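User: I have a model open and would like to go through its pockets, its sheet and its ring contacts. Please keep the answers short.

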Amino acid sequence: MWRNSPSLPMPDPLRIAVIDSGVHPDHPHIDAARLLPGFAIAKEGRDSEADTGDRLGHGTAVTAAIQDQAPDALCLPIRVFHDALSTTARALVAAIDRAVVARVDLINLSLGTINPAHGEAFATAANRALAAGILIVAARDNDGTPCYPGSLDMVLGVGLDWDCPRDDFRLRAGLAFASGHPRPIPGVPQRRNLHGVSFAVANMTGLIAQQGRAGLARWMPAGARAQAG
């Protein structure tokens, strides 16, 4: 495993778009100094109010997991979940495009849909991100059912491995797996904390960001690596 020394900040930190429910910057697990000004996207896909405050807690926990793994990275919150952990394909596509315009390096999608009708729209958006040199990390499946966009070839899909330590990942048959546990909360039993494939994705995003730009390049799909070379 590669880790950045906490005493040697990354001179050119990776920028990670976290498309989720926003972030609560005052949470003790969040380093607000490493947050970039974000965006909010309405379900219709248009820009909503600029408020990226998290009313649901999911985005804060996801961002905390990423920052715990990659404390030098800069996280840009893009809020698509507002009153519940549900949104539309149009909003997600708009959020991906927003992240591309913001020139991030990674997009964390701790979410997905099992509806294949949205596959083409996500593939088009993911290809736009990949053409800009941006890697999308997303949930590959939900209990064995493929998720979109995580099951697409141009996206790094992540699977759930409950036995994997949080500070590591596993590769099996060329597929990535990570722990489904978030950053621990002192005094709260692990089973009572948020958990699931959302955090496998977040942990994987953070572990990739640990590796810096050279490491990120190795995770890009083969076609994108060849084009960059």
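User: How many nonpolar, polar and charged residues are in the lining of the second largest pocket?

Analyst: This is a predicted model. The second largest pocket has a lining of 18 residues. By class, the lining divides into 4 charged, 4 polar and 10 nonpolar residues.

User: Which elements give two or more residues to that lining of the second largest pocket?

Analyst: The residues nearest the centre of this pocket are V155, L156, G157, G174 and W219. Its volume is about 300 Å³. The elements that supply two or more lining residues are β8 (156-160), β10 (175-178) and α5 (212-219).

User: What is the volume of the largest pocket?

Analyst: The largest pocket has 21 lining residues, with F81, L85, S110, L111 and G112 nearest its centre. α2 (89-101), β6 (141-142) and α4 (197-210) each give at least two residues to this lining. By class, the lining holds 10 nonpolar, 10 polar and 1 charged. The space in the largest pocket comes to about 390 Å³.

User: Which are the edge strands of the open sheet?

Analyst: The open sheet has 8 strands, and its pairing is mixed. Their order is β2-β3-β1-β4-β5-β8-β10-β9. An edge strand pairs on one side only, and that picks out β2 (39-40) and β9 (169-172).

User: Which residue in β10 stands opposite R172?

Analyst: β9 and β10 pair in the antiparallel sense. Their pairing runs over 4 bridges. Across from R172, the residue in β10 is L175.

User: How far is the charged end of R172 from the centre of the ring of F177?

Analyst: Two charged ends sit over the ring of F177. The charged end of R140 is 4.8 Å from the ring centre. For the charged end of R172, the distance to the centre is 3.9 Å.

User: Stacked, tilted or edge-to-face: what is the geometry of the F169 and W219 pair?

Analyst: The whole structure yields 1 aromatic pair. F169 and W219 form this pair, at 5.3 Å centre to centre, with 75 degrees between the planes. Planes over 60 degrees apart count as edge-to-face. The pair of F169 and W219 is therefore edge-to-face.

User: How many residues apart in sequence are the parts that this pair ties together?

Analyst: F169 and W219 are both buried. F169 lies in strand β9, whereas W219 lies in helix α5. The pair therefore ties together parts whose separation in sequence is 50 residues.

Terms used
Residues are numbered from 1 along each chain as its sequence is written. This is a predicted model: local features need pLDDT of at least 70, side-chain atom pairs count only at pLDDT 80 or more; totals for chains, interfaces and linings use all residues. Side-chain values use heavy atoms; hydrogens and water are left out. On a 1 Å grid over the protein atoms alone, a cavity is a set of points where a 1.4 Å probe fits but cannot get out, and a pocket is an open set with protein on both sides within 12 Å along at least five of seven lines; lining residues have an atom within 4 Å of a point. Grid points are joined across faces, edges and corners, and a volume is the space filled by probe spheres set on the points. Ala, Val, Leu, Ile, Met, Phe, Trp, Tyr, Cys and Pro count as nonpolar, Asp, Glu, Lys and Arg as charged, and the others, Gly among them, as polar. Two strands pair if DSSP finds at least two bridges between them. Rings of Phe, Tyr and Trp (its six-membered ring) pair if their centres lie within 6.5 Å; planes under 30 degrees apart count as stacked, over 60 as edge-to-face and the rest as tilted. Buried means under 20% relative accessible area, exposed over 50%, partly exposed in between (1.4 Å probe, protein chains only). A charge sits over a ring if NZ of Lys or CZ of Arg is within 6 Å of the ring centre and within 35 degrees of the ring normal.
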